[in-house]
Amino acid sequence: MSAKATPYCAVILLTLVASLASARDDVATVSLPTIAEQTETTQPGPVEIANDDSASDEPQPRLLDRRDRIFYPGDTERLKPLGRKLLLNILLDQKEIFTSPFRMNRDNAKWWLLSAAVTGGLIAADRHIADSFENSNGQVRWGGRISNVGASYTLIPIVAGSYAYGVWRDNAKAREIGVLGTEALLDGLIVAGILKEVTRRNRPDERDPGKFWGGGTSFPSGHAIQVWSIASLLAHEYKNRPIVQITAYSLAGIVSASRVAANKHFASDVVTGALMGWFIGRYVWKTHQDHAIHSHSGLQTHFLPH
């Protein structure tokens, strides 16, 4: 990539990164304007379920979020409605992720700037970082083997196994991880796929390494997005168990570093992917679990982990 093209590429990339992995709560919450568009202005109060007919003529409170209409844990043991509702949830996730730039405000602007600065600095230093590795055949071979832990064909069976175990043992927590893990993985795959097509950056082992719009699929790292989305989800699910958090993040960090060691990605690819994955995992968890942020209908049931 020529020196004249570098600033232009950096501006485009920083905009993309900031829109997907920046705001502390911007990416992790459902915005109030979006909720307002989906419902009446009526605010639901405490819901009482009467046993007689005295409340039959009273209007039922409207749901505040379309996710209440399309996803709730009672469906986690029935695959057909679960699949349909999971698909609709992912569509809502993508809308929230890709419209996040329009919700930048004074509170989260510093996170946009920080993400842009980190990404820009790494892009400028990518070649120097890559050359600092030994880049021997053994390093590349072992890096590739370790990075397989973050591949789709490894992570999908893990979350599917968690769901199957939860159904078998009637374990709500395991079903929850299976369902939300699947949602986070698919969200990450879609985001990574779109950005790869937009940036088309060449990988380190390809001709014109690091060149944007060169036809490659280097930016961002799909392995990093996927493994960090699952690590973030697990860390938030088990936020009172430090050993789970340490293990999940350590494994995600090793997988990310191995993609650089395998000569398949630059440092900016994996760091950007890790940031996006972390925010996606956090977003999925908070959307379905943090009721203080995400308003749910009082009539719906939710996961009650054992």
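Of the 306 residues in the protein chain, 47% come out as buried. The model is a predicted one, and its secondary structure is easy to sum up: 11 helices and zero strands. Walking along the sequence, then, the pattern simply reads α-α-α-α-α-α-α-α-α-α-α. Among contacts in the chain with a separation of 6 or more, 73% link residues 24 or more positions apart. On the outside, the chain exposes about 15,600 Å², and carbon and sulfur atoms supply 60% of that area.

Helix α9 is a good place to start looking at the inside. This helix covers residues 222-237, 16 in number, and spans 23 Å from its first C-alpha to its last, close to the 22 Å expected at 1.5 Å a residue. Of those 16 residues, 15 are buried, so α9 is largely enclosed by the rest of the structure.

The nonpolar cores come next. The largest one has 14 residues, and Leu185, Val227, Trp228 and Ala252 have the most contacts inside it. Helices α7, α9, α10 (242-261) and α11 (267-289) each put in at least two residues, with α9 giving the most, namely five. A second core, separate from this one, has 13 residues, including Leu180, Ala192, Ile225 and Met276.

What does leucine 185 touch once its neighbours within four places in sequence are set aside? The contacts of leucine 185 are with Leu155, Ile156 and Val159, and also with Gln226, Ser229 and Ile230.

The surface has its own nonpolar feature. Phe98, Ile190, Ile194 and Val198 make up a nonpolar patch there, and together they have about 280 Å² of accessible area. Helix α8 (residues 172-199) supplies the largest share of the patch, three residues. As a general point, an α-helix has 3.6 residues a turn, so residues three or four places apart point the same way. Isoleucine 194 lies in α8 and is partly exposed, its relative accessible area being 38%.

Is alanine 164, over in helix α7, buried or partly exposed? With a relative accessible area of 43%, alanine 164 counts as partly exposed, because that class runs between the 20% limit for buried and the 50% limit for exposed. The residue sits in α7, which takes in residues 152-169. Its C-alpha lies 7.3 Å from the C-alpha of arginine 175, and the two residues are 11 apart along the chain.

Terms used
Residues numbered from 1 in each chain as written. Predicted model: local features only at pLDDT ≥ 70, side-chain atom pairs only at ≥ 80, totals over all residues. Heavy atoms only, no water. Helix = DSSP H or I, 4+ residues; strand = E, 2+ residues; numbered from the N terminus. Expected span 1.5 Å × (residues − 1). Buried < 20%, exposed > 50% of the residue type's maximum accessible area, 1.4 Å probe, protein only. Contact = heavy atoms within 4.5 Å. Areas by Shrake-Rupley, 256 points an atom, 1.4 Å probe, with all protein chains shown as cover. Patch = residues over 30% accessible without salt bridge, like charges linked within 9 Å, V, L, I, M, F, W, Y side chains within 5 Å. Salt bridge = Lys/Arg side-chain N within 4 Å of Asp/Glu carboxyl O. Core = buried A, V, L, I, M, F, W, Y, C linked by side-chain atoms within 4.5 Å.
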